[in-house]
Amino acid sequence: MKIDIVTIFPEYFTPLSLSLLGKAQGDGLLEISTHNLRERAHGVHKSVDDTPYGGGAGMVMMAEPIAQAIDPLVNADPELVMIIPTPSGARFTQERAVELSTAEHLLFLCGRYEGIDARVPEYYREVAQIRVEELSLGDYVLAGGEVASLAMIEAITRLIPGVLGNPDSLVEESHVLRDVSGDESAGETLVEYPNYTKPPQWRGLDVPEVLTSGNHGAIARWRLEQARARARKLT
Ligand code: ADE
């Protein structure tokens, strides 16, 4: 998968060279490039933002420097999917992550301040005919799209075959929709059951006995019950 990130803070993305995603880039599974929006700005101050029409607090990111950064990427690959993290977008879910993990090329456009001139998504959707997704991590407001992009990139790319060391990790984790027919939990959204490791006793707390019983059927039933109980508590 190829990922381009347009931002005024490319430094935010240095952690992507660590751990799993660093290895995935070394293995050629992932190619991540950042593009500094500030380099596309004109004038002595290299401004990328201006005051909002109609008045109000804060600044809005101007369309043209963004277009200067994005156009070469879109022209080179009109099939790319543009993702604009914004608190006013549709909710980014595990289902979205699964769907986006099959894309070949993603472009993240990070806004700051009060957001991006609304003509940017309109232009790329309607005129350039690009798939544009405005996505929100949740009902809270971050200072910009950088942290949201990092979270989405991690959630999406760990689903690419070969990125995780042990692909079984994906099977029994939180928010995975089970649709395996015959599976007792078919169609349910569960959260992950509690996990324990050595030692069997820690500060007076024991590992649940069933997990050391060796009875795989009983272990699977206990885990399903726990996952259901945890999911119920969240709603
Ligand atoms: N930018 C600012 N807040 C955000 C949020 N909650 N989700 C995605 N992008 C954002």
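**Leucine 190, the ligand shell and selected residues of the chain**

Leucine 190 is located in the loop that connects α5 and β8. In this predicted model, leucine 190 has a relative accessible area of 2% and is therefore buried, since the term buried applies under 20%. Along the chain, leucine 190 and threonine 86 are 104 residues apart, and their C-alpha atoms are separated by 27 Å. The loop between α5 (145-157) and β8 (201-202) also holds proline 199. The peptide bond that leads from lysine 198 to proline 199 is cis, and its omega is near 5°.

The chain as a whole contains six helices and nine strands. Its C-alpha trace spans about 70 × 40 × 40 Å along the principal axes. The chain has 235 residues, of which 39% count as buried.

Threonine 86 also belongs to the surroundings of the ligand, together with Pro85, Pro87, Leu135, Ser136, Leu137, Gly138, Tyr140, Val141, Leu142, Gly144 and Ala148. Sorted by class, this shell comprises eight nonpolar residues and four polar residues, while charged residues are absent from it. Polar backbone atoms of three residues were found at short listed distances from nitrogen atoms of the ligand. For threonine 86, a polar backbone atom is 3.2 Å from a nitrogen atom of the ligand. For leucine 137, the distance between a polar backbone atom and a ligand nitrogen is 2.9 Å. For tyrosine 140, the corresponding distance from a polar backbone atom to a nitrogen atom of the ligand is 2.7 Å. On its own, the ligand has 260 Å² of accessible area, and the protein covers 96% of this area.

The ligand takes up the space of the largest pocket. Two elements, β5 (81-91) and β7 (131-136), each give two or more residues to the shell around the ligand. Of the elements, β5 makes the greatest contribution to this shell, with three residues.

Helix α4 and the loop after it were examined next. Valine 127 is part of helix α4, which covers residues 119-127. The relative accessibility of valine 127 is 56%, so this residue counts as exposed; the limit for that class is over 50%. Valine 127 and glutamate 172 are 45 residues apart along the chain, and 42 Å separates their C-alpha atoms. Glutamine 129 is placed in the loop between α4 and β7. Although glutamine 129 is not a glycine, its phi is positive, at about 60°. Glutamine 129 is exposed because its relative accessible area is 61%.

A positive phi also occurs at serine 19, which is not a glycine and has a value of about 55°. Serine 19 lies in helix α1, which comprises residues 19-26. With a relative accessible area of 64%, serine 19 is therefore classed as exposed.

Two further serine residues were considered. Serine 33 belongs to strand β2, which is formed by residues 31-36. The relative accessible area of serine 33 is 21%, so this residue is partly exposed; the partly exposed class lies between the limits of 20% and 50%. In sequence, serine 33 and isoleucine 3 are 30 residues apart, whereas in space the distance from C-alpha to C-alpha is 6.4 Å.

Serine 101 is situated in the loop that joins α3 (94-100) to β6 (105-109). Its relative accessibility is 14%, and serine 101 therefore counts as buried. Serine 101 and arginine 40 are 61 residues apart along the chain, with 29 Å between their C-alpha atoms.

Terms used
Residues numbered from 1 in each chain as written. Predicted model: local features only at pLDDT ≥ 70, side-chain atom pairs only at ≥ 80, totals over all residues. Heavy atoms only, no water. Near = heavy atom within 4 Å. Polar contact = N/O pair within 3.5 Å; in protein donor to acceptor, adjacent residues only side chain to side chain. Areas by Shrake-Rupley, 256 points an atom, 1.4 Å probe, with all protein chains shown as cover. 1 Å grid on protein atoms, 1.4 Å probe; cavity = no way out; pocket = protein on both sides within 12 Å on 5 of 7 lines; lining within 4 Å. Sits in = over half its atoms within 2 Å of the grid points. Helix = DSSP H or I, 4+ residues; strand = E, 2+ residues; numbered from the N terminus. Nonpolar A, V, L, I, M, F, W, Y, C, P; charged D, E, K, R; others polar. Buried < 20%, exposed > 50% of the residue type's maximum accessible area, 1.4 Å probe, protein only.
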